[in-house]
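Here are my notes for you, written as if I were leaning over your desk. Have the picture open and follow along.

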Amino acid sequence: MNISAQMIQIRLLLLVLVALALPPMMHAQIAASRVLNASFEGEPRDATVPRGWYICKEGTTPDILPGPWGVYLEPVDGDTYVGLITRENGTWESIGQRLTETLVPDECYVLSMYLARSNTYMGFNNPIKLRIWGAGKKCERAQLLVETERIEDTEWTYHNFQFSPESKIDYLIIEAFHKDGFFSYRGNVLIDGLSAIRRCGRS
């Protein structure tokens, strides 16, 4: 066998070895799940659900900001963001989405986003919490994955959350939440720049 033929065989062997190694390497690089329209892009309007998201609760009329309701904080990611409110009559707003990949039980995940509060939201100016629910069915609030403290800051602040589902998660709900759980006053939370949901320890 000449040297040229030997080189060809060595190259073929290397290609086979690389091909065999690709599946586990690719699996290790999968974040977990992307979030569609994670920066809530759309035409600034009141009572509008950002594309890629849906509503699950009657009375949910999220706003694509800035512009409507006197809210002019500049976005931190892209051109727009979303605002959710609570009301004095006991109602609140939430939006949901089906994940691109299932989150598995007992696995550690991280999710980050930017949060703020507007003090010019047409009277809905009080600080409130944000909750994130997960479930296996659309619009189901089966597992509370994240609950923040009251979002007081009127400038964007970066938040990084870590959680471990108790069962499989295919859907998320992001929900405005009154500080005491009674939704008895007017408040708002602004949300922008959601990250992909990644397994802990992976960049």
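The points below go through the core, one strand, one loop residue, the disulfides and an aromatic pair.

1. **What you are looking at.** Before anything else, keep in mind that this is a predicted model. Everything that follows is a reading of that prediction.

2. **The main core.** Start on the inside. The largest nonpolar core has 31 residues. Which of them touch the most other members? They are Met 113, Ile 174, Val 189, Ile 191, Leu 194 and Ile 197. Several strands feed this core with two or more residues, including β3 (81–86), β5 (109–116), β10 (169–177) and β11 (187–192). As background, nonpolar side chains in soluble globular proteins tend to be buried together.

3. **Leu 194 and its company.** Pick out Leu 194 and look around it. Leaving out residues up to four places away in sequence, Leu 194 touches Val 35, Ala 38, Phe 40, Trp 53, Ser 112, Met 113 and Ile 174. Two of those names should ring a bell: Met 113 and Ile 174 are, like Leu 194, on the list of core residues that touch the most other members.

4. **There is another core.** Don't stop at the main one. A second, separate core is made of ten residues, and Val 71, Leu 73, Ile 85 and Ala 116 are among them. Keep Ala 116 in mind for the strand pairings below.

5. **β11, face by face.** Is β11 mostly covered or mostly open? Mostly covered: six of its six residues are buried. Gly 187, Val 189 and Ile 191 point one way, while Asn 188, Leu 190 and Asp 192 point the other way. That fits the general rule that side chains in a regular strand alternate between the two faces of the sheet. Here the residues on both sides are buried.

6. **Who pairs with β11?** Now trace the neighbours of this strand. β3 runs antiparallel to β11 and is joined to it by five bridges, with Leu 84 opposite Val 189. β5 also pairs with β11 in the antiparallel sense, over three bridges. In that pairing, Ala 116 sits opposite Leu 190. Then comes β6 (residues 126–127), which runs parallel to β11 and is joined to it by two bridges. To find the spot, look for Pro 127, whose bridge partner in β11 is Asn 188.

7. **Ser 39, a polar residue in a loop.** Ser 39 is in the loop between β1 (32–33) and β2 (63–65). Is Ser 39 buried or exposed? Its relative accessible area is 12%, and the cut-off for buried is under 20%, so Ser 39 counts as buried. The side chain of Ser 39 makes a polar contact of 2.9 Å with the side chain of Glu 41. Beyond its neighbours within four places in sequence, Ser 39 is in contact with Asp 77, Thr 80, Tyr 81, Asp 192 and Gly 193. Asp 192 is one of the β11 residues you met in point 5.

8. **Two disulfides.** How many disulfides are there? The count is two. One joins Cys 56 to Cys 139, with 2.0 Å from S to S. It connects the loop between β1 and β2 to the loop between β7 and β8, 83 residues apart. Cys 56 is partly exposed at 29% relative accessibility, and Cys 139 is partly exposed at 31%. The other disulfide joins Cys 108 to Cys 200, with 1.8 Å from S to S. This pair spans 92 residues, from the loop between β4 and β5 to the segment after β12 (197–199). Cys 200 is partly exposed, at 25%.

9. **Their handedness and pattern.** The torsion about the S-S bond of Cys 108 and Cys 200 is about -65°, so that disulfide is left-handed. The link of Cys 56 and Cys 139 is left-handed too, with -75°. Number the bonded cysteines along the chain and you get the pattern 1-3, 2-4.

10. **An aromatic pair.** Five aromatic pairs are counted. One of them is Trp 69 with Phe 124, edge-to-face, at 6.3 Å centre to centre and 85° between the planes. Trp 69 lies in the loop between β2 and β3 and Phe 124 in the loop between β5 and β6, so the pair ties together parts 55 residues apart in sequence. Trp 69 is partly exposed at 32%, whereas Phe 124 is buried at 11%.

Technical notes: Residues are numbered from 1 along each chain as its sequence is written. This is a predicted model: local features need pLDDT of at least 70, side-chain atom pairs count only at pLDDT 80 or more; totals for chains, interfaces and linings use all residues. Side-chain values use heavy atoms; hydrogens and water are left out. A nonpolar core is a set of buried Ala, Val, Leu, Ile, Met, Phe, Trp, Tyr and Cys residues joined through side-chain atoms within 4.5 Å. Buried means under 20% relative accessible area, exposed over 50%, partly exposed in between (1.4 Å probe, protein chains only). Helices (H or I, at least four residues) and strands (E, at least two) are DSSP runs, numbered from the N terminus. Contact means heavy atoms within 4.5 Å. A polar contact is a pair of N or O atoms within 3.5 Å; within protein, one must be able to donate a hydrogen and the other to accept it, and residues adjacent in sequence count only if both atoms are side-chain atoms. Two strands pair if DSSP finds at least two bridges between them. A disulfide is a pair of cysteine sulfur atoms within 2.5 Å. Rings of Phe, Tyr and Trp (its six-membered ring) pair if their centres lie within 6.5 Å; planes under 30 degrees apart count as stacked, over 60 as edge-to-face and the rest as tilted.
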